[in-house]
Amino acid sequence: MKKRILCLIMSFVTLTILTLSVFAIQPRWSYTASVTFAMYFDGEEGSLEGCVEGYSDVTKIDGTITLYYKNFLGIWTKTDNVWSMTTYSDTLYLNHTFTAESGKQYKAVLDVDVYSGSNSENITDDATGTCP
């Protein structure tokens, strides 16, 4: 009986590992290899940096970054800072700065469309930080 229970447990563990391995090798996106996006502060200057890297068949990347701050009620409020960018290559580099207020929490939302010929996919990411 103990051997049977041990065998069932080992079978379950093996199936779980194999299932997780299959999910791990599936690509996250069809046309996009990687997305990095981060927020940094140097005093009261905030920086948004990152990169959207498509596969070699990508022909265009359109992107928008919208900046929000958290108001006294804890609600994210849109600022006047919105950046739009386009590249006709497989890599979009992100590098923007904004004036921040000490102690305020900020969130930047990245919204990109990655094109491969007439096909596209939409990717959204965000970065948050608090101005020191």
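The legends below accompany close-up views of a predicted model of one protein chain.

**View 1. Overall course of the protein chain.** The secondary structure of the protein chain comes to 1 helix and 7 strands, and from the N terminus on these elements follow the order α-β-β-β-β-β-β-β. Of the 132 residues in the protein chain, 31% are buried. The accessible surface of the protein chain comes to about 8,700 Å², and carbon and sulfur atoms account for 54% of that surface. When contacts between residues at least 6 apart in sequence are considered, 63% of them join residues at least 24 apart.

**View 2. The hairpin of strands β1 and β2.** Strand β1, which spans residues 32–42, runs antiparallel to β2 and is joined to β2 by 10 bridges. One of the bridge partnerships links T32 with G54 of β2. The two strands form a hairpin with 2 residues between them, and G43, which lies in the turn, has a positive phi of about 65 degrees.

**View 3. Strand β2 and its pairing with β5.** Strand β2 covers residues 45–54, and 7 of its 10 residues are buried, so β2 is largely enclosed by the rest of the structure. Besides the bridges to β1, β2 has 9 bridges to strand β5 (residues 91–99), and β2 and β5 run antiparallel. E45 of β2 has T99 in β5 as its bridge partner. In a regular strand the side chains alternate between the two faces of the sheet.

**View 4. The open sheet β4-β3-β6-β7.** In this view 4 strands form an open sheet in the order β4-β3-β6-β7, with antiparallel pairing. The edge strands are β4 (76–87) and β7 (119–130), each of which pairs on one side only. From one strand to the next, the twist averages 15 degrees. Within this sheet, strand β3 (residues 60–70) pairs with β4 in the antiparallel sense over 9 bridges, and the bridge partner of G63 in β4 is M85.

**View 5. Cysteines C51 and C131.** The relative accessible area of C51 is 16%, which lies under the 20% cut-off, and C51 is therefore classed as buried. C131 has a relative accessibility of 2% and is likewise counted as buried because this value is under 20%. The structure holds 0 disulfides.

Notes. Residues numbered from 1 in each chain as written. Predicted model: local features only at pLDDT ≥ 70, side-chain atom pairs only at ≥ 80, totals over all residues. Heavy atoms only, no water. Buried < 20%, exposed > 50% of the residue type's maximum accessible area, 1.4 Å probe, protein only. Pairing = 2+ DSSP bridges. Axes fitted to C-alpha atoms, helices over the stretch in contact; angles between N-to-C directions. Disulfide = S-S within 2.5 Å. Contact = heavy atoms within 4.5 Å. Areas by Shrake-Rupley, 256 points an atom, 1.4 Å probe, with all protein chains shown as cover.
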